[in-house]
Amino acid sequence: MTEAKKIRVLLADDEAHIRVLIRAIVQPLNCEVVAEATNGEEAVALFKAKRPDMALLDINMPVKDGEAALREIMAFDPGAMVIMLTSVVDVGTVQSSIDVGASHYIRKDTPPLQMREIITETWKQYLAARGGRVP
Amino acid sequence: MSEKPSPGSATGELAETRFDLQAMLEELKAEIEAPAAARDVVDQAQIAELIRKRAPRKDNG
């Protein structure tokens with residue numbers, strides 16, 4: 001991620017220590033965490049309010065789960081870049097998230113360095129699909 | 001027989017046995033379902049493969 005402009009990121013996870021971990025993982029990738037949500041409903045509201053370049057969503061969250069939040073975000077902005085970052089790893093949930101429009105899906109037990117590689121690669125593909133422009 | 005069976009009585013034991021059986025059935029059900037659930041779990045490499053196979057998004061540009 002070599003762009004000078006910081007990539008504005010929304011994090012959504014109900015566990016504070018996981019948000020701290022994810023923040024530590026994305027910050028070296030030229031990312032700025034502009035919003036943190038503790039449930040899916042907050043995630044959708046913050047996405048609409050902040051219009052981040054990238055959203056990282058957990059699935060198991062109170063009030064509204066990550067799958068429902070993903071659907072609402074993609075309905076609001078079909079070009080949104082959303083990466084699911086979760087412990088829910090059954091093939092049905094993974095496939096359904098991809099079908100709805102998740103750009104990638106990362107298991108929470110993935111080593112941080114590999115998470116960074118996946119996020120970087122997914123961001124590059126996202127930019128390439130848009131001619132290098134951030135929407 | 002509308003009274004609750006007292007613990008230690010024959011009726012109480014029968015009620016406890018029924019409860020244990022129910023717990024045992026739940027355990028067996030979980031054991032039977034667990035391998036099926038394990039088969040459905042995907043690792044990061046399989047997720048990457050699912051991502052590659054997905055239909056191109058129509059919102060590009």
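In which sense, and over how many bridges, do strand 3 and strand 4 of chain A pair? In this predicted model, strand 3 (residues 54-57) and strand 4 (residues 82-86) of chain A pair in the parallel sense, over three bridges. These strands belong to an open sheet of five strands in chain A, whereas chain B has two helices and zero strands.

**The sheet of chain A**
- The strands of the open sheet follow the order 2-1-3-4-5, and their pairing is parallel.
- Strand 2 (31-37) and strand 5 (104-107) of chain A stand at the edges with a single partner strand each, so one side of each is left without a neighbour in the sheet.
- From one strand to the next, the twist averages 20 degrees.
- Where strand 3 and strand 4 of chain A pair, A:Leu57 stands opposite A:Met84, a residue of strand 4.

**A helix across the sheet**
- Helix 5 (residues 112-129) of chain A lies across strand 1 (7-12), strand 3, strand 4 and strand 5 of chain A, and it runs at about 175 degrees to strand 5.

**Chain B and its contact with chain A**
- Of the 61 residues in chain B, 2% are buried.
- The contact between the chains takes 16 residues from chain A and 12 residues from chain B.
- On the side of chain A that touches chain B, helix 4 (91-100) and strand 5 of chain A each supply at least two residues, and the largest share, five residues, comes from helix 4.
- Grouped by class, this side of chain A has seven nonpolar, six polar and three charged residues.

Key
Residues are numbered from 1 along each chain as its sequence is written. Chains are lettered from A and ligands numbered from 1 in the order in which they are written. This is a predicted model: local features need pLDDT of at least 70, side-chain atom pairs count only at pLDDT 80 or more; totals for chains, interfaces and linings use all residues. Helices (H or I, at least four residues) and strands (E, at least two) are DSSP runs, numbered from the N terminus. A residue is buried if 20 or more other C-beta atoms lie within 10 Å of its own, exposed if 12 or fewer, and partly exposed in between; C-beta atoms are placed from the backbone. Two strands pair if DSSP finds at least two bridges between them. Axes are lines fitted to C-alpha atoms, for helices over the stretch in contact, and angles run from 0 to 180 degrees between N-to-C directions. Two residues are in contact if their C-beta atoms, placed from the backbone, lie within 7 Å. Ala, Val, Leu, Ile, Met, Phe, Trp, Tyr, Cys and Pro count as nonpolar, Asp, Glu, Lys and Arg as charged, and the others, Gly among them, as polar.
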